[in-house]
Amino acid sequence: MAMIRLGVTGTDTGVGKTTVSRALIGAMRADGLRVAAMKPVETGVTRDDPASDARALAAAAGGMDAMRDVCPIALDEPLAPWMAARRANRAISVASLDASFERLAAGADAVLVEGAGGLLVPITLTDTYLSLFRRWSLAAIVVAANRLGAVNHTLLTVGALHRGAVAVLGVVLNETDGDEPDLARRTNRETIQTLLPDTPVVSFPWLPASTGDTALARAAATAGLRGLLARAAQDQHIEEGQPNR
Ligand SMILES: [Mg+2]
């Protein structure tokens, strides 16, 4: 049963969760771990879309797991899962997501789960990625796009994780383009790290989506993602904050 259980969430959609997830998976595999990846719900894709996040994650993990477990639910419309499912006349069963997660975890040393959009995106009327992370005892890695606004979005997301009693392994401040960084981009890390002294904040360089898995795994090492993984291996049950109910 997987000892390392990671939940990768973002401060927004399109902030680089999949790229950072592929880098994390590559770094764990380079350490000899058997890794399973999961995108419980993906929207805006058809099941066989070769460009889906689920396929990119599965390939990074070695492609050994059944796609019906890697991505149990794929929905065409690019919306939050709850509404995409409603419009497709489909019901999302969290019990069936649980079963897929348990099958993946049973055969792996580490499981990485990538959310869709941000932390409070509705999967059903009563489930969000926050509740899923809690349910599956995942420790969170928060990916934030390094741009003006990142400070607020990161603090909101980390605060919600703490209130939901989900351990936060760290924040990955991701460069989403290769432009010359402006003042906000040059100072965000210091601001966030100062305000979150107990949470490692690491920078991840801009890399195009076409970057191969090997290069991404190398980037993980230089960007400090290995430090976050070491925290995951040390203690999967760091309890931070209090349950909010
Ligand atoms: Mg993604």
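These legends walk through several close-up views of one predicted model. Residue numbers start from 1 in each chain and follow the sequence as written. Because the model is predicted, local features need pLDDT of at least 70 and side-chain atom pairs count only at pLDDT 80 or more, while totals for chains, interfaces and linings use all residues.

**View 1. The open sheet has 6 strands in the order β2-β5-β1-β6-β7-β8.**
The pairing here is parallel. Strands sit at the edge when they pair on one side only, and those are β2 (35-38) and β8 (201-204). From one strand to the next, the twist averages 25°. Some housekeeping on names: helices (H or I, at least four residues) and strands (E, at least two) are DSSP runs, numbered from the N terminus. Two strands count as paired if DSSP finds at least two bridges between them.

**View 2. Strand β1 (residues 4-10) pairs with β5 (residues 110-118) and with β6.**
With β5, β1 runs parallel and shares 6 bridges. Look for Ile4, whose bridge partner in β5 is Ala110, and for Gly10, which stands opposite Gly118. Between β1 and β6 there are 5 bridges, again with the strands parallel; here Val8 has Ile141 as its bridge partner. β1 is mostly covered, with 6 of its 7 residues buried. Buried means that 20 or more other C-beta atoms lie within 10 Å of the residue's own; 12 or fewer makes a residue exposed, anything in between is partly exposed, and the C-beta atoms are placed from the backbone.

**View 3. Strand β6 (139-145) is largely enclosed by the rest of the structure, as 7 of its 7 residues are buried.**
Ala139, Ile141, Val143 and Ala145 point one way, while Ala140, Val142 and Ala144 point the other. Both sets are buried. β6 also pairs with β7 in the parallel sense, over 6 bridges. One of the partnerships to find is Val142 of β6 with Val171 of β7.

**View 4. Helices α5 (residues 94-106) and α7 (residues 150-163) lie against the sheet.**
α5 touches β2 and β5, and its direction makes about 165° with that of β2. α7 lies across β1, β5, β6 and β7 (168-174), running at about 165° to β6. For these angles, axes are lines fitted to C-alpha atoms (for helices, over the stretch in contact), and angles run from 0 to 180 degrees between N-to-C directions. Residues are in contact if their C-beta atoms, placed from the backbone, lie within 7 Å.

**View 5. Helix α7 packs on helix α8 (residues 183-195) at an angle of about 30°.**
Their axes are 10 Å apart. That angle makes α7 roughly parallel to α8; the label covers angles under 35 degrees, with over 145 counted as roughly antiparallel, 65 to 115 as roughly perpendicular and the rest as oblique. The crossing is right-handed, meaning that the near helix is turned clockwise from the far one by less than a right angle (anticlockwise would be left-handed). Ala150, Val151, Thr154 and Leu155 of α7 meet Asn188, Thr191, Ile192 and Leu195 of α8. By class, this contact has 5 nonpolar, 3 polar and no charged residues. Nonpolar here covers Ala, Val, Leu, Ile, Met, Phe, Trp, Tyr, Cys and Pro, charged covers Asp, Glu, Lys and Arg, and the others, Gly among them, are polar.

**View 6. Helix α1 (residues 17-30) meets helix α10 (residues 225-234) at about 65°.**
Their axes are 10 Å apart, and the two helices are therefore roughly perpendicular. This crossing is right-handed. On the α1 side the contact is made by Ala23, Leu24, Ala27 and Met28, and on the α10 side by Leu225, Arg226 and Leu229. Those residues divide into 6 nonpolar, no polar and 1 charged.

**View 7. Helix α2 (residues 53-60) is mostly covered, and Gly62 comes after it.**
In α2, 6 of the 8 residues are buried, namely Asp53, Ala54, Ala56, Leu57, Ala58 and Ala60. They pack against α1, β2, β3 (41-43), α3 (67-70), β5 and α9 (213-223). Gly62 has a positive phi, near 110°. Leaving aside neighbours within four places in sequence, Arg29 is in contact with Val35 and Gly62. Arg29 belongs to α1 and is partly exposed, with 18 other C-beta atoms within 10 Å.

Conventions
Contact = placed C-beta atoms within 7 Å.
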